[in-house]
Amino acid sequence: MEQLSNYSNRDAHEIDYRIYGEEMQYVEIELDPQEGVIAESGSFMMMDDGIKMDTIFGDGSQKDTGFLGKILGAGKRILTGESLFMTAFYNDLTGKRNVSFASPYPGKIIPIDLQEYGGKFICQKDAFLCAAKGVSVGIEFSKKLGRGLFGGEGFIMQKLEGDGMAFVHAGGTTAVKTLAAGETLRVDTGCIIGFTQSVDYDIEFVGGIKNSIFGGEGLFFARLQGPGKVYIQSLPFSRLAGRVLASAPRSGGNSKGEGSILGGIGDLLDGDNRF
């Protein structure tokens, strides 16, 4: 469980939070009167009586007050593959109220204090979970063709801007690396959660015929160069989904062992016991 102290002089709402759980985590956010939090659709878990839920059009920031601003904010979300709408939760009563949001798959919820990172954090497209009202959830275009074509995340990543708290989720175990100026880290392209704006991100060819054809790790990996902080996940959702799909019964309900000589006995021996 984690507890955050309030910071002063923020434009975004100041929120306290606690993170519960180990592998299937959720974050509980404590809202003072009139404080609010924005979240992706489908991440809501539970809330106290007295919290008002509102569907908003745009990127969730306080900058999209005009109609054109709302249209531009919604357009950004379409480009990242997200819904046109976000959900906002406000404490309309006196006293403190709690609202909780859950990670969509096994892994960790990572608190990001944007004020500590110069007001901007870049992350993969589906990493954002929730944030203090006033944080903008936008897009970050890749300026390098190679990175856009082969970087795993395409030309577009998400950027979180503002001076409030934001929360992203990742699969498996999280590694945090602080890179010195000029220090380089090479990472599987799917394992990147996000990084601070000072980190230079590019892709690099694995190299070698054997590595490229038989290595099984893809043709490219990401090259991250400091200074800055990098967040890495051990189990990207795409990798988890691929393993589940590969182990799923084929058409007709046959498991992978049913076409062998041993059939069901083979399943018992290799531990693949389906009911």
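## Exercises on strand pairing and salt bridges

In this predicted model, Glu 28 of strand S2 stands opposite Ser 100 in S7. The exercises begin from that residue.

**Exercise 1.** Determine which strands pair with S2 and over how many bridges.

*Solution.* Step 1: on one side, S2 (residues 26–31) pairs with S1 in the antiparallel sense, over five bridges. Step 2: S2 also pairs with strand S7 (residues 97–102), again in the antiparallel sense, over six bridges. Step 3: specific residues can then be matched across these pairings. Glu 28 faces Ser 100 of S7, Arg 18 stands opposite Glu 28, and Asp 16 stands opposite Glu 30. Step 4: the connection between S1 and S2 is a hairpin with five residues between the strands, in which Gly 21 takes a positive phi near 95°.

**Exercise 2.** Place S2 in its sheet by stating the strand order and which strands form the edges.

*Solution.* Step 1: the sheet is open and consists of four strands in the order S1-S2-S7-S4, with antiparallel pairing. Step 2: the edges are strand S1 (16–20) and strand S4 (44–47), each of which pairs on one side only. Step 3: from one strand to the next, the twist averages 20°.

**Exercise 3.** Establish how the side chains of S2 are directed, and whether its residues are buried or exposed.

*Solution.* Step 1: in a regular strand, side chains alternate between the two faces of the sheet. Step 2: in S2, Tyr 26, Glu 28 and Glu 30 point one way, while Val 27, Ile 29 and Leu 31 point the other way. Step 3: six of the six residues of S2 are buried, and the strand is accordingly described as mostly covered. Step 4: for Glu 28 the relative accessible area is 14%, and the residue counts as buried because the cut-off is under 20%.

**Exercise 4.** Identify the residue that meets Glu 28 in a salt bridge, and describe what the pair links.

*Solution.* Step 1: the side chains of Glu 28 and Arg 18 meet in a salt bridge, with an N to O distance of 3.9 Å. Step 2: this pair links distant parts of the chain, Glu 28 in strand S2 and Arg 18 in strand S1, 10 residues apart. Step 3: Arg 18, at a relative accessible area of 25%, is partly exposed, whereas Glu 28 is buried.

**Exercise 5.** State how many salt bridges the model contains, and examine those of Glu 140 and Asp 200.

*Solution.* Step 1: the count is eight salt bridges. Step 2: one of them joins the side chains of Glu 140 and Lys 120 at 3.1 Å, N to O. Glu 140 belongs to strand S11 (residues 136–141) and Lys 120 to strand S9 (residues 120–123), so the pair ties together parts that are 20 residues apart in sequence. Both Glu 140 and Lys 120 are buried. Step 3: Asp 200 and Arg 223 meet in a salt bridge at 3.9 Å, N to O. Since Asp 200 lies in strand S17 (residues 200–205) and Arg 223 in strand S18 (residues 220–225), this pair ties together parts 23 residues apart in sequence. Asp 200 is partly exposed at 29% relative accessibility, and Arg 223 is buried at 18%. Step 4: Glu 30, Asp 32 and Lys 96 are joined into one network by salt bridges that share partners.

**Exercise 6.** Report how many disulfides are counted, and whether Cys 123 and Cys 130 are buried or exposed.

*Solution.* Step 1: the count of disulfides is zero. Step 2: Cys 123 is buried, with a relative accessible area of 0%. Step 3: Cys 130 is buried, with a relative accessible area of 0%.

Technical notes:
Residues are numbered from 1 along each chain as its sequence is written. This is a predicted model: local features need pLDDT of at least 70, side-chain atom pairs count only at pLDDT 80 or more; totals for chains, interfaces and linings use all residues. Side-chain values use heavy atoms; hydrogens and water are left out. Two strands pair if DSSP finds at least two bridges between them. Helices (H or I, at least four residues) and strands (E, at least two) are DSSP runs, numbered from the N terminus. Axes are lines fitted to C-alpha atoms, for helices over the stretch in contact, and angles run from 0 to 180 degrees between N-to-C directions. A disulfide is a pair of cysteine sulfur atoms within 2.5 Å. Buried means under 20% relative accessible area, exposed over 50%, partly exposed in between (1.4 Å probe, protein chains only). A salt bridge is a side-chain nitrogen of Lys or Arg within 4 Å of a carboxyl oxygen of Asp or Glu.
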